[in-house]
Amino acid sequence: MNFRMKTLFVGAAMLMASGAPSVAQNLSLGSTNSTSSHYQIAVAMAQAIEAGMPGSTVTVVETGASVDNVRRLVRGEIDLGLVAGDVFVQARLGLGQFEGNAVEDLVALYPYSDSVLNVSVRADSGITDLAGLDGASFSPGIRGSGAELLITTSLALFGIEPDYVYGTVTDAVEGTRNQQLVGYSKYGAADRLDATLRELMTSVDMRILGFTPEQQALIRANIPGVGFATLPADFVPGNPEVATPSVPIVYATRLSLMDDETAARVAAGIGDHRQILVDVWPQLAGYNFGASMLASDEAGISVHPGARTYWEANH
């Protein structure tokens, strides 16, 4: 443990007063489907955390993403996991799929992205708005993902009823490619095409559907933790400017699963070894992890006290 971190722990009066080296740990990190670019960055995160916790091992677990990860945290199957901001807020408050089962000790360790919902359809489907999905064969995302929860909840609010077809991301891409599906929804980065959509577009012309002001108002009134971002014209070639849901993405744990010292060391692994992440996602070069984490309170995302100690000193 370096002197800077030792001073931080003692000064916070939260962690081991002795300042002795911490015991190596084995942590399980719940990510998402292995075909996603978010899985690639999860692997880099594991490496960064290991670099900040010498002798420890962080195992990346392929999961169904946000909702699945929260459920795994409840069962104690993983130590930390990817959780979209809207899912985080609903889980902590016991809303939506978590009604009657609030996870009140759910807390964030670090952020890494604001993701937007890409509702993508084949250009030759003739569908130009969300209403066109009514009755169409459409993949809402892998079961247990934040994308699935958000799009199915949103379309239900709008009175739109697609013929939902579930499966993996690969199934959704192949189904769209061979015209069994009109399209699919998936979270992606706000400033670049998701890897799966980019690969699909090598053989299929695609369109991203936008949300009208009225639809945005319905979501804001009924689904906590969701904002909106504007994708510029030609984000997908030939696509007009569209508004689409945007949520912060964090890695979360539970207070009952992770103590303050471990949480601070996990945060320090990400913060002090961020170059490992930048090497995989270059767009993170200018990302302020600390400021984003500390600002998450405004969206209803509570921060682990141990992680907060680190980010307050390093933002």
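Methionine 201 counts as partly exposed in this predicted model. The reason is its relative accessibility of 22%, because the partly exposed class runs between the 20% limit for buried and the 50% limit for exposed. Methionine 201 sits in the loop between α7 (195-200) and β8 (206-208). Setting aside residues up to four places away in sequence, methionine 201 touches Leu193, Met206, Val236 and Pro237. Glycine 132 is not among these partners. Methionine 201 and glycine 132 stand 69 residues apart in sequence, and their C-alpha atoms are 21 Å apart in space.

Now take the chain as a whole. It holds 12 helices and 10 strands. What radius of gyration would a compact globule of 315 residues have? The expected value is near 20 Å, and the protein chain has 20 Å, so the two agree. The C-alpha atoms fill a box of roughly 65 × 40 × 30 Å along the principal axes. Buried residues account for 55% of the 315 residues. Contacts across the sequence tell another part of the story. Take the contacts between residues at least 6 apart in sequence: 74% of them join residues at least 24 apart.

The surface comes next. The accessible surface of the protein chain is about 12600 Å². Carbon and sulfur atoms own 50% of that surface. As for charge, there are 18 positive and 33 negative side chains. The centres of these two sets lie 5 Å apart.

Helix α5 rewards a closer look. It covers residues 146-158, which makes 13 residues. At 1.5 Å a residue, α5 should span 18 Å, and its end C-alpha atoms are 18 Å apart, so expectation and model agree. Is α5 mostly covered or mostly open? It is mostly covered, with 10 of its 13 residues buried. The buried set starts with Gly146, Ala147, Glu148, Leu149, Leu150, Ile151 and Thr152. Ser154, Leu155 and Phe158 are buried as well. An α-helix has 3.6 residues a turn, so residues three or four places apart point the same way. Just after α5 comes glycine 159, with a positive phi of about 75°.

Positive phi also turns up in residues other than glycine. Alanine 65 is one of them, with phi of about 80°. Alanine 65 lies in the loop between β2 (57-61) and α3 (66-75). Its relative accessible area is 7%, so alanine 65 is buried. Glutamine 179 is another non-glycine case, with a positive phi near 70°. Glutamine 179 belongs to the loop between α6 (169-177) and β7 (183-189). Is glutamine 179 buried or exposed? Its relative accessibility is 57%, so glutamine 179 counts as exposed. Glutamine 179 and alanine 108 are 71 residues apart along the chain, and 40 Å separates their C-alpha atoms.

Two residues in late helices finish the tour. Alanine 291 lies in helix α11, which takes in residues 289-295. At 34% relative accessibility, alanine 291 is partly exposed. Alanine 291 and asparagine 178 are 113 residues apart along the chain. Their C-alpha atoms are separated by 44 Å. Threonine 309 is part of helix α12, residues 305-313. How does threonine 309 count, buried or exposed? Threonine 309 is buried, because its relative accessibility is 14% and the buried class lies under 20%. Where does alanine 267 lie with respect to threonine 309? The two are 42 residues apart along the chain, with 9.3 Å between their C-alpha atoms.

Note on methods:
Residues numbered from 1 in each chain as written. Heavy atoms only, no water. Helix = DSSP H or I, 4+ residues; strand = E, 2+ residues; numbered from the N terminus. Expected span 1.5 Å × (residues − 1). Buried < 20%, exposed > 50% of the residue type's maximum accessible area, 1.4 Å probe, protein only. Rg over C-alpha atoms; globule rule 2.2 N^0.38 Å. Contact = heavy atoms within 4.5 Å. Areas by Shrake-Rupley, 256 points an atom, 1.4 Å probe, with all protein chains shown as cover. Lys, Arg positive; Asp, Glu negative; His and termini not counted. Charge placed at Lys NZ, Arg CZ, Asp CG, Glu CD.
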